[in-house]
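Colleague: Could we go through this model together? I should like to understand how the chain is arranged.

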Amino acid sequence: MRTLGRELERRLERIRSSGLYRSLEDASPEAVDFCSNDYLDLSRDPRLRAFLIERLEEEAAVRPVSAPSSRLLRGNTPHHRLLEGKLARFKGTEAALVFPSGYQANLGLLSALMGPRDRVVSDRLNHASIIDGIRLSGARKIIHPHRDPEAVRTALATPHPRGRTFLVTESLFSMDGDIAPLDRYADLAEEWGADLIVDDSHATGLFGDSRGSGLTEHFGIEKRAAAIVSGCGKGLGVAGAFVAGPRTVIDYLVNVCRSFIFTTSTPPLLLYALEAALEIIRSGAERRERLLELSRRLRRQLRAQGLDTLDSAGPIVPVILGENRRALAVARRLREQGMDVRALRPPTVPSGTARLRISVHANHTDEQLDRLCRVLAEALEAV
Ligand SMILES: Cc1ncc(COP(=O)(O)O)c(C=O)c1O
């Protein structure tokens, strides 16, 4: 019998030969960040750093800086309650619950709300954490073509007398950068008695005229969704996640959601950073407006160069290149020129759609975007 090591080497060789091998690469601090989800550049914001230091100094004297225990034991602090109240008001819902990550939030939420008697209508391009949450729930899944309300209608209209029906979608799709028709989905869910769950992670902090809380605000459906998931390691610039929704849903999660119950509490340290991020977002819309303007500018330029940026509409700008090795080679050339752009390959994106995923940030300059387009054109010529 083969040893495990030899067996794994063989499997890795297969991954290598399909151009899908991955290794961890340090982020170069000098390169311009066109890769992370820190769209508003909050991770580098001096106000966030100052607030965090001040809070730590104030609190460290009287309270522990972390809460290494689950929330239902000693891991609950007044900061959790305070921040969750602020997050609920931000998102426009009755209540909110913080999770250590978006992956855990989706996994726990979906497997808590749905069971084998239920069915779930899910977009073909939903994030892996949604797919895994659905799998764990045992619900019957109906995968519909990407952003297709007519297909959703057909799925919802099919009778399902046994259990509940859920409709689950991302709002701003993480890989294609396009936007789900959330208002249509909310109407359809209500028409057919389904419960709508939205992963608003990539839109949080970027969309919504009054609070900037996301696309659920932009479409005015915050109170029509059964639950809204927001990752905090994207526009909010920190890490962690929260689920927002009706009080009953949140109370139910506290009692039933395994990825919330059986894990260490999110440390107050992270909560201070999130509080600061919320404050900065609340203080004005200029930053998100600038971000969306820059995104439109980049997309216009790339399309003028004849590149396929799909139907993207926010700061995630995909450039479809098709073949894995080509996408890798172009991304490498851009990094050699000081621009941190990464190639995405299957299984992260569908086979044959390897791409650059350019992430625009509010602090990018017009010159940086112009240079990116120029170097990209050269790299495409050369590869
Ligand atoms: C749409 C979406 N949901 C959930 C997640 C998972 O969030 P986290 O990174 O906080 O685990 C991601 C990506 O990271 C995502 O793109």
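**Domains, core and local details**

Modeller: In this predicted model, the centres of domain 1 and domain 2, taken over C-alpha atoms, are separated by 27 Å. The contact between the two domains takes 21 residues from domain 1 and 19 residues from domain 2.

Colleague: Which helix and which strand each supply at least two residues of the side of domain 1 that touches domain 2?

Modeller: They are helix 12 and strand 9. Strand 9 gives the most to that side of domain 1, with 3 residues. By type, the residues on the side of domain 1 that touches domain 2 divide into 13 nonpolar, 4 polar and 4 charged.

Colleague: And where does each domain run in the sequence?

Modeller: The domain assignment gives domain 1 as 29-42 + 285-382 and domain 2 as 63-282.

Colleague: Let us step back. How many helices and strands are there in the protein chain?

Modeller: The protein chain has 14 helices and 12 strands. Its radius of gyration is 21 Å, close to the 21 Å that the globule rule gives for 383 residues, so the chain is as compact as a globular protein of that length. Along the principal axes, the C-alpha atoms fill a box of roughly 55 × 55 × 55 Å.

Colleague: What percentage of the residues is buried?

Modeller: Buried residues account for 47% of the 383 residues. As for contacts between residues at least 6 apart in sequence, 71% of them join residues at least 24 apart.

Colleague: Which members of the largest nonpolar core touch the most other members?

Modeller: That core has 107 residues, and L109, L167, L196, F242, V243, L274 and A277 touch the most other members. Helix 11, residues 268-282, gives the most to this core, with 9 residues. Domain 1 and domain 2 both give residues to the core, so it lies between them.

Colleague: Take L109. What is it in contact with, leaving aside neighbours within four places in sequence?

Modeller: L109 is in contact with G133, A227, V229, V243, L253 and C257. One of these partners, G133, is a buried residue of helix 5.

Colleague: Which other residues of helix 5 are buried?

Modeller: Besides G133, the buried residues of helix 5 (residues 128-137) are S129, I130, I134 and S137. These residues cover an arc of only 140° around the axis, which puts them on the same side of helix 5.

Colleague: What do they pack against?

Modeller: The buried residues of helix 5 pack against helix 4 (102-113), strand 3 (119-123), strand 4 (140-144), strand 5 (165-170) and strand 6 (195-199). Just after helix 5, G138 takes a positive phi of about 80°.

Colleague: Is a positive phi usual or unusual outside glycine?

Modeller: Most residues other than glycine have a negative phi. In this model, R147 has a positive phi, near 50°, and L310 has one of about 50°.

Colleague: Where are those two, and are they buried or partly exposed?

Modeller: R147 lies in the loop between strand 4 and helix 6 (149-157). A residue counts as buried if 20 or more other C-beta atoms lie within 10 Å of its own. R147 has 21 such neighbours, so it is buried. L310 lies in the loop between helix 12 (286-304) and strand 9 (316-322). With 19 other C-beta atoms within 10 Å, L310 is partly exposed.

Colleague: What about peptide bonds? Which residues does a cis bond join?

Modeller: Most peptide bonds are trans. A cis peptide bond joins P346 and P347, with omega about 5°. P347 is placed in the loop between strand 11 (342-344) and strand 12 (354-359).

Colleague: Changing topic: where is E94, and what is it in contact with?

Modeller: E94 lies in the loop between helix 3 (78-91) and strand 2 (95-99). It is partly exposed, with 16 other C-beta atoms within 10 Å. Leaving aside neighbours within four places in sequence, E94 is in contact with A88, P246 and R247. The C-alpha atoms of E94 and T248 are separated by 9.1 Å, although these residues are 154 residues apart along the chain.

Colleague: Last one: which helix holds V254?

Modeller: V254 lies in helix 9, residues 247-256. Not counting residues up to four places away in sequence, V254 touches L97 and F260. V254 has 14 C-beta neighbours inside 10 Å and counts as partly exposed.

Technical notes. Residues are numbered from 1 along each chain as its sequence is written. This is a predicted model: local features need pLDDT of at least 70, side-chain atom pairs count only at pLDDT 80 or more; totals for chains, interfaces and linings use all residues. Helices (H or I, at least four residues) and strands (E, at least two) are DSSP runs, numbered from the N terminus. The radius of gyration is taken over C-alpha atoms; the globule rule is 2.2 Å times the number of residues to the power 0.38. A residue is buried if 20 or more other C-beta atoms lie within 10 Å of its own, exposed if 12 or fewer, and partly exposed in between; C-beta atoms are placed from the backbone. Two residues are in contact if their C-beta atoms, placed from the backbone, lie within 7 Å. A nonpolar core is a set of buried Ala, Val, Leu, Ile, Met, Phe, Trp, Tyr and Cys residues joined through C-beta atoms within 7 Å. Domain bounds come from an automatic or database domain assignment. The arc is that of the directions from the helix axis to the C-beta atoms. Ala, Val, Leu, Ile, Met, Phe, Trp, Tyr, Cys and Pro count as nonpolar, Asp, Glu, Lys and Arg as charged, and the others, Gly among them, as polar.
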